[in-house]
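Here is a short report on a protein structure. It covers backbone, charge pairs, surface and chain contact in turn.

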Amino acid sequence: MVINTLLAAAAATPRSGAIIHLHGIDWAILAVYLLFVVGIGIITGRGSKTSEDFFLSGRSLPAWITGLAFISANLGALEVMGMSQQGYEYGMMTANYYWIGAIPAIVFMGIAMMPFFYGSKVRSVPEFLKKRYNEGARFINAFTFAVFTPAISGISMYALAVVMQDFLGWHFAPSVWVSAVVVLVYTFMGGLTASIYNEVLQFFLIVLGIAPMTIIALIANHGWAHFKKWIATHQLPFLTPDQVAAAAAKPGTAAHQMPATQWMHTFHNTLTQNNPMHITWPGIVLGLGFVLSFSYWCTNFLVVQRALAAKDMNSAQRTPLLAAFPKMIFPFIVILPGLLALPLLPHLFPGNTTVNGHLIPATESFNNVMPLMMARYYPAGLLGLGLTALMASFMSGMAGNVTAFNTVFTYDLYAVFIKPNATDQHYLWVGRIMTIVGIIISVGFAYVVRGQSGIMGYTQTIFGVVNAPLIAVFLLGMFATFTTPAGGLWGLLVGTATSVTLWVIRSYPGLPLWHHYNNNTTGAFWGAVWAFCAGAGATIVVSLFTKKKKDEELVGLVYQLTPKPPQDANLPWWKKPIVLGVLALVLTLIINLLFW
Amino acid sequence: MMDLRLPIGIFFVLVGLIMVGYGVVSPHDIPNITEKVNINLYWGIVLLVFGAPMTIFGWRAEAKAKSEMKNKKP
């Protein structure tokens, strides 16, 4: 939903000429980057001799590498641009996606769930569902993941190509194909290791390429104190001339503005909807902070796969926990530039807004506030670094999707339903072929979306909606002994069906039903909560009437039936998962209080 | 397996050198602000400060791993 406005704007707006012109130095930085990512693919490719090397990096990587890849795989170009857009549109409330909507789930994943994912030696999340529940549960999870993942990657590819077209004047086809071929070369050769190694490089590149924007935006605002003075004396959001005229034409009509100081807080005025996002705190805490966040960070194979590549249980647990620390400071890199842009680039509106009777182009909308700020404040040289960082964020997201797709397809669909009991070399070969297929589907979908832009919003929304209630079935599988295979399967089906039904109801305001909210974000948060309740309810009810698995089959999969691993007393404090988890939560609480 | 700090370190040293060199040869201030800041020079130095220790630690780890491999072989 964050991204949908951005995508819709990109699609709806006419193209204008290039507004950024690259110099030789910018091209040089981009060329060095491309050389390195391909080189890393070639070098890591030499180590991929078995399917486990290719799909799970031979379970051999240290925690700091898998931890940074854990963040980077999730950090697509749309994430970077979407978050800065929301920083402009909603201010610090956007940080709730990190400080409420990510860190608690990431910590829970590391401390409570990772022992079962890693300890059970499963190769994928759907395989966990097979072991805990049954083949049907695996199929549903694997199928939806395999269908949507390359499509999501294609959407990201399309959106980045549009930005490159709008700002740099690059043609659509070369933008798509060059990035696709680069990602293909390194994921084909090095599999998950190449993807993870490049994700770590890309993580540092994104931070070091985009962080200067926060510093420059502060300088341009003459410092934080001066910026706060501006905030204290203004009303937001900016009104279009059409909105001002409409308000003037009807005396007494309130222009929907509020003090800009609201933009500086995460939870201020969330007892009512009188805040920039028009959402209330129960929706944020339950919908975003619990259901949506836990379903994504604790069950999505794209991120779980990074932890499965870790060299031992302690490293697997520390993968998400170490990721939590940089994740909590990311709002200062991606959201703050959008917020700081308010006085610098005032009167930006969404890309599909009409101003004085004209649809404003993407290059003048807040949907593209990050590239707009780069165009304004990055000189040649730094501009090359910034644009390379945007490219890197796109590639890390795409490679993450492709490596997760080829693993799920090979292990959970091909090896189960098409050709079981084949040799390891055969599955390695299938994995490489599916890498090519995944990228071709992504490119194809980018072209489909180009021709029929409405598809992309639906695809993203449906994927989010389908995944929303997953955590119910996982929590009841890992922490309750009474849940049965049939219970898990029906929990998945009912939870997903409820989520999709509620989304359909919300999408058609004419339907005379109760599930309507005055904005999409609130609707999505509450839809997730009800879908979670339905999924959990179905799992519990069906489990009461169906046969459970024998206890010995559930050892390593369910908390109560799994022997606790001996604690290594010699571990230094900074390697103890519980210490890292508590530290991450305390720091997040402090940051939350600072921006309360 | 290659020590990842090495390629990351070399990458940022290279990009840092490019930016520092450009900042010295062709000083560009941050456009559209009143303060004069040769951002390529300063940010290039930041990249070098990040990349150089990464390269050194990565290189030392690689060398150590190679010597351990050699010692194991006979």
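In this predicted model, Asn269(A) is partly exposed, at a relative accessible area of 32%. The residue sits in the loop between E2 and H13 of chain A. Its backbone stands out: phi is positive, about 60°, although Asn269(A) is not a glycine. Most residues other than glycine have a negative phi, and most peptide bonds are trans.

Next along the chain comes Thr270(A), in the loop between strand E2 (258-259) and helix H13 (281-299). Is Thr270(A) buried or exposed? Thr270(A) has a relative accessible area of 5%, so it counts as buried. Leaving aside residues up to four places away in sequence, Thr270(A) touches Met93(A), Asn275(A), Ile279(A), Thr280(A), Trp281(A) and Ile284(A).

His347(A) also carries a positive phi of about 60° without being a glycine. Its place is the loop between helix H15 (313-344) and strand E3 (354-355) of chain A. With a relative accessible area of 49%, His347(A) is partly exposed. The cut-off for exposed is over 50%, so a value of 49% falls in the middle class.

A cis peptide bond appears as well. It runs from Leu236(A) to Pro237(A), with omega near -5°. Pro237(A) belongs to the loop between strand E1 (235-236) and helix H12 (241-249) of chain A.

**Charge pairs**

Side chains of opposite charge can pair when their charged atoms come close. How many salt bridges does a search of the whole structure find? Over all chains there are seven. The table lists some of them.

| Pair | Closest N to O distance |
|---|---|
| Glu135(A) and Arg138(A) | 2.7 Å |
| Arg138(A) and Asp412(A) | 2.9 Å |
| Asp3(B) and Arg5(B) | 3.0 Å |

Take the pair of Glu135(A) and Arg138(A). Both residues belong to helix H9 (residues 135-168) of chain A; they are three residues apart, so about one helical turn separates them. Glu135(A) is partly exposed, with a relative accessible area of 27%. Arg138(A) counts as buried, at 7% relative accessibility.

Arg138(A) also pairs with Asp412(A), N to O at 2.9 Å. Arg138(A) is in helix H9 and Asp412(A) in helix H17 (residues 382-418), so this salt bridge ties together parts of chain A that are 274 residues apart in sequence. Both partners are buried.

In chain B, Asp3(B) bonds to Arg5(B) through a salt bridge, with the closest N and O atoms 3.0 Å apart. Asp3(B) is buried, with a relative accessible area of 16%. Arg5(B) is partly exposed, at 27%. Shared partners link salt bridges into one network of Glu135(A), Arg138(A) and Asp412(A).

**A nonpolar surface patch**

Which residues form a nonpolar patch on the surface? They are Trp573(A), Trp574(A), Ile578(A), Val582(A), Leu583(A), Val586(A), Leu587(A), Ile590(A) and Leu594(A). Together they have about 880 Å² of accessible area. One member, Val582(A), lies in helix H23 (residues 577-594) of chain A. Val582(A) is partly exposed, with a relative accessible area of 44%. Patch residues need over 30% relative accessible area, so Val582(A) clears that cut-off at 44%.

**Chain B**

Chain B has two helices and zero strands. Its C-alpha atoms fill a box of roughly 65 × 20 × 15 Å along the principal axes. The radius of gyration is 18 Å, whereas a compact globule of 74 residues would come near 11 Å. Of the 74 residues, 39% count as buried. Among contacts with a separation of 6 or more, 67% join residues 24 or more positions apart. Chain B exposes about 4500 Å², and carbon and sulfur atoms supply 67% of that area.

**Where the chains meet**

The size of an interface is often given as the accessible area lost when the parts come together. Between chain A and chain B, about 2800 Å² is buried. Carbon and sulfur atoms give 86% of that area. On the side of chain A, Phe36(A), Tyr197(A) and Leu208(A) lose the most area to chain B, together 19% of what that side buries. The contact draws 33 residues from chain A and 29 residues from chain B. Zero salt bridges are counted between the two chains.

Definitions and conventions. Residues numbered from 1 in each chain as written. Chains lettered and ligands numbered in written order. Predicted model: local features only at pLDDT ≥ 70, side-chain atom pairs only at ≥ 80, totals over all residues. Heavy atoms only, no water. Patch = residues over 30% accessible without salt bridge, like charges linked within 9 Å, V, L, I, M, F, W, Y side chains within 5 Å. Areas by Shrake-Rupley, 256 points an atom, 1.4 Å probe, with all protein chains shown as cover. Salt bridge = Lys/Arg side-chain N within 4 Å of Asp/Glu carboxyl O. Helix = DSSP H or I, 4+ residues; strand = E, 2+ residues; numbered from the N terminus. Buried < 20%, exposed > 50% of the residue type's maximum accessible area, 1.4 Å probe, protein only. Contact = heavy atoms within 4.5 Å. Rg over C-alpha atoms; globule rule 2.2 N^0.38 Å. Buried area = accessible area lost by both parts, 1.4 Å probe.
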